[in-house]
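Trainee: I should like to go through the open spaces of this protein and its ligand. May we begin once the structure is in view?

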Amino acid sequence: MSSSSDIAVARQSVLDRMAAAAREAGRDPGDVTLVAVSKQQPDERIDAMLAAGQRVFGENRVQEARVRWADRRAGVELRLIGPLQTNKAREALALFDVIETVDRESLARTLADEIQRAGAAPRLYVQVNTGEEVQKAGVRPHLADAFIAACRAKDLIIDGLMCIPPELEPPERHFALLAKIAQRNGLAKLSMGMSADYEAAIAFGATSVRVGSARFGGRLPR
Ligand SMILES: *Cc1c(COP(=O)(O)O)cnc(C)c1O
């Protein structure tokens, strides 16, 4: 999968499966956004994706995203889906429309300061480490309510939650947990589901799915 027509076909196939999954769950297909994960993809695939009509992209590194999108940024919505270092918060706010990985006090504090300084209005999601994996970013589930409250106390507007379930577990329990935490905190947006499980995520209420390899083909090594 690499020619631009292959990419357009793969994209449409994902969109069709997303719509079917939404209808099956009694949801409006228009309520689920496809985020194309463009990390580690060669430029020609990005351009093919743009030509196919894709406008929402996810990146997991600030630096890589800045280089890739320098000449392509117009009309595109960019989402940060990888961990954010506090010292890159300013740069991330300048580049991204959505930051999905707010997960600790020091970052929330820095974002609040930088948002005020720059007059920025990013959409923010809190990342929840639903599997409580030591190597993974995200606030632990039992601390999520308190963390969301702490963000709000800093005048951060939190739109939703994001999770990356453990690779080797069925994801459904994690999707359900994320939806439950969102519901009790009055959060409308749920970023969950990747290439292997986006249909299941939609059944559990995902409002955006982050799909990389299923649309683009394999990634380049870093
Ligand atoms: C890479 C990545 C994805 C996409 O993964 P695929 O399995 O290629 O669809 C989704 N979310 C995050 C946070 C990622 O880093």
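Pockets and ligand

Trainee: How much space lies in the second largest pocket?
Mentor: The model is predicted, with local features requiring pLDDT of at least 70 and side-chain atom pairs pLDDT 80 or more, while totals for chains, interfaces and linings use all residues. Residues are numbered from 1 along each chain as its sequence is written, and side-chain values use heavy atoms, without hydrogens or water. A pocket is an open set of points on a 1 Å grid over the protein atoms alone where a 1.4 Å probe fits, with protein on both sides within 12 Å along at least five of seven lines. The second largest pocket, whose lining includes Ala112, Pro122 and Ile157, holds about 190 Å³.

Trainee: Which pocket does the ligand sit in?
Mentor: One candidate has a volume (space filled by probe spheres set on the points) of about 770 Å³. Its lining (residues with an atom within 4 Å of a point) comprises 27 residues, with Lys39, Lys136, Ile164, Glu167 and Met194 nearest the centre. The ligand sits (more than half of its atoms within 2 Å of the grid points) in the largest pocket.

Trainee: Which side chain has an N or O atom 2.5 Å from an oxygen atom of the ligand?
Mentor: Of the 13 residues around the ligand (a heavy atom within 4 Å), the closest are Lys39, Ser195, Arg210, Gly212 and Ser213. A polar side-chain atom of Lys39 is 2.7 Å from a ligand oxygen, and Arg210 has a side-chain N or O atom 2.8 Å from a ligand nitrogen. The 2.5 Å separation from a ligand oxygen, a polar contact (N or O atoms within 3.5 Å), belongs to Ser195.

Trainee: What percentage of the ligand's accessible area does the protein cover?
Mentor: Accessible area is computed by the Shrake-Rupley method with a 1.4 Å probe. On its own the ligand has 390 Å² of such area. The share covered by the protein is 89%.

Definitions and conventions: Polar contact = N/O pair within 3.5 Å; in protein donor to acceptor, adjacent residues only side chain to side chain.
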